[in-house]
Amino acid sequence: NTKRLEILKDMMPKLALVGVLRPPVDNISMRLQLKALRAAALELKVKLEETKTEADAGSLESAFNAAKQKRVEAMMTVTTRPFFAARKRIVELAGKHSLPAIYYQKEFVDEGGLMSYGADFTELFRRGAHYVDKILKGAKPADLPVQQATKFEFVISLKTAKQIGLTIPNRVLERANQVIR
């Protein structure tokens, strides 16, 4: 989440207010994500407008309307399965409100979203296959080290940028792993 916020700030240097969609649940994962995001916002001199919302169509519509009323300049979501399941609607609403948005998985960009930065799941699945191989050859799962993602992908859709009237600086485009034209 913090890297996504940095990318938004790099793309829009005068960015002052970022809307953050978050579910109403309060669990350890949500607390950790928000703690890191709030710290990054302070460092980047960006204010966060956190909006608690369910992932259903009506709640998301209300959340985007509220963000627009509060003059949010860009959007992002925390990482959560319900938002992933509702990615098509979230992307549609960001486009409808002409809000630049960054997401945590490439599938949001596949649905028409502006950009994503997150773990390369193809690589994670490959590494998982190596673990399965080791287990099938007799290794005990408890003896295998826990690994975190080491490969990340940054995807930008120029088509979406054009639709919302946004020019993406070359310094941001150069960092992308994939640019969809």
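**Entry 1: Glu 61**

I started with the contacts of Glu 61, leaving aside neighbours within four places in sequence. They are Arg 89, Leu 93, Lys 96 and His 97. Glu 61 itself sits in helix α3, which runs over residues 57–69. Is Glu 61 buried or exposed? Its relative accessibility is 18%, so I put Glu 61 down as buried. The cut-off for buried is under 20%. I note here that I am working on a predicted model.

**Entry 2: overall figures**

Next I looked up the whole protein. I counted nine helices and seven strands in its secondary structure. The C-alpha trace spans about 60 × 35 × 30 Å along the principal axes. I then checked the radius of gyration. For 181 residues, a compact globule would come out near 16 Å; the protein has 18 Å, and that agrees.

How much of the protein counts as buried? I read 44% of the 181 residues. The accessible surface is about 10,200 Å². Carbon and sulfur atoms hold 53% of that surface. I also looked at contact separation. Among contacts with a separation of 6 or more, 69% join residues 24 or more positions apart.

**Entry 3: the largest pocket**

I turned to the pockets. The largest has a volume of about 240 Å³. Its lining includes Asn 1, Lys 3, Arg 4 and Gln 33. Thr 79, Tyr 104 and Gln 105 also line this pocket. So do Tyr 117, Gly 118, Ala 119, Phe 121 and Phe 152. Two elements give two or more residues to this lining: α1 (2–11) and β5 (115–119). Which element gives the largest share? It is β5, with three residues. I sorted the lining by type: five nonpolar, five polar and two charged.

**Entry 4: the second largest pocket**

The second largest pocket holds about 190 Å³ of space. I listed its lining in two parts. One part is Asn 27, Ser 29, Met 30, Thr 79, Thr 80 and Arg 81. The other is Pro 82, Phe 84, Ala 85, Tyr 104 and Gln 105. Helices α2 (28–44) and α4 (81–85) are the elements that give two or more residues here. The top contributor is α4, with four residues. By type I found five nonpolar, five polar and one charged.

I compared the two lists. Thr 79, Tyr 104 and Gln 105 appear in the lining of the largest pocket and in that of the second largest.

**Entry 5: Phe 84**

I followed up one residue from that second lining. Phe 84 lines the second largest pocket and belongs to helix α4. What does Phe 84 touch beyond its neighbours within four places in sequence? Its contacts are Tyr 104, Gln 105, Glu 107 and Phe 108. Two of these partners, Tyr 104 and Gln 105, line the second largest pocket as well. I read a relative accessible area of 24% for Phe 84, so it goes down as partly exposed. I also took the C-alpha distance from Phe 84 to Leu 21. It is 12 Å, with their positions 63 residues apart in sequence.

**Entry 6: positive phi**

I checked two non-glycine residues with positive phi. Lys 45 has a phi of about 60°. Lys 45 lies in the loop between α2 and β2 (47–52). Its relative accessible area is 70%, so Lys 45 is exposed.

Arg 71 has a phi of about 65°, also without being a glycine. Where does Arg 71 lie? I found Arg 71 in the loop between α3 and β3 (74–77). At 69% relative accessibility, Arg 71 counts as exposed. The cut-off for exposed is over 50%.

**Entry 7: Leu 144**

My last residue was Leu 144. It lies in the loop between α7 (121–136) and β6 (152–157). Is this loop residue, Leu 144, buried or exposed? Its relative accessible area is 16%, so I marked Leu 144 as buried. Leaving aside neighbours within four places in sequence, I found Leu 144 in contact with Tyr 131, Lys 134, Ile 135 and Ala 139. I also took a C-alpha distance from Leu 144 to Asn 27. The two are 117 residues apart along the chain and 27 Å apart in space. Asn 27 is one of the residues that line the second largest pocket.

Notes: Residues numbered from 1 in each chain as written. Predicted model: local features only at pLDDT ≥ 70, side-chain atom pairs only at ≥ 80, totals over all residues. Heavy atoms only, no water. 1 Å grid on protein atoms, 1.4 Å probe; cavity = no way out; pocket = protein on both sides within 12 Å on 5 of 7 lines; lining within 4 Å. Points joined across faces, edges and corners; volume = space filled by probe spheres on them. Nonpolar A, V, L, I, M, F, W, Y, C, P; charged D, E, K, R; others polar. Rg over C-alpha atoms; globule rule 2.2 N^0.38 Å. Buried < 20%, exposed > 50% of the residue type's maximum accessible area, 1.4 Å probe, protein only. Contact = heavy atoms within 4.5 Å. Areas by Shrake-Rupley, 256 points an atom, 1.4 Å probe, with all protein chains shown as cover.
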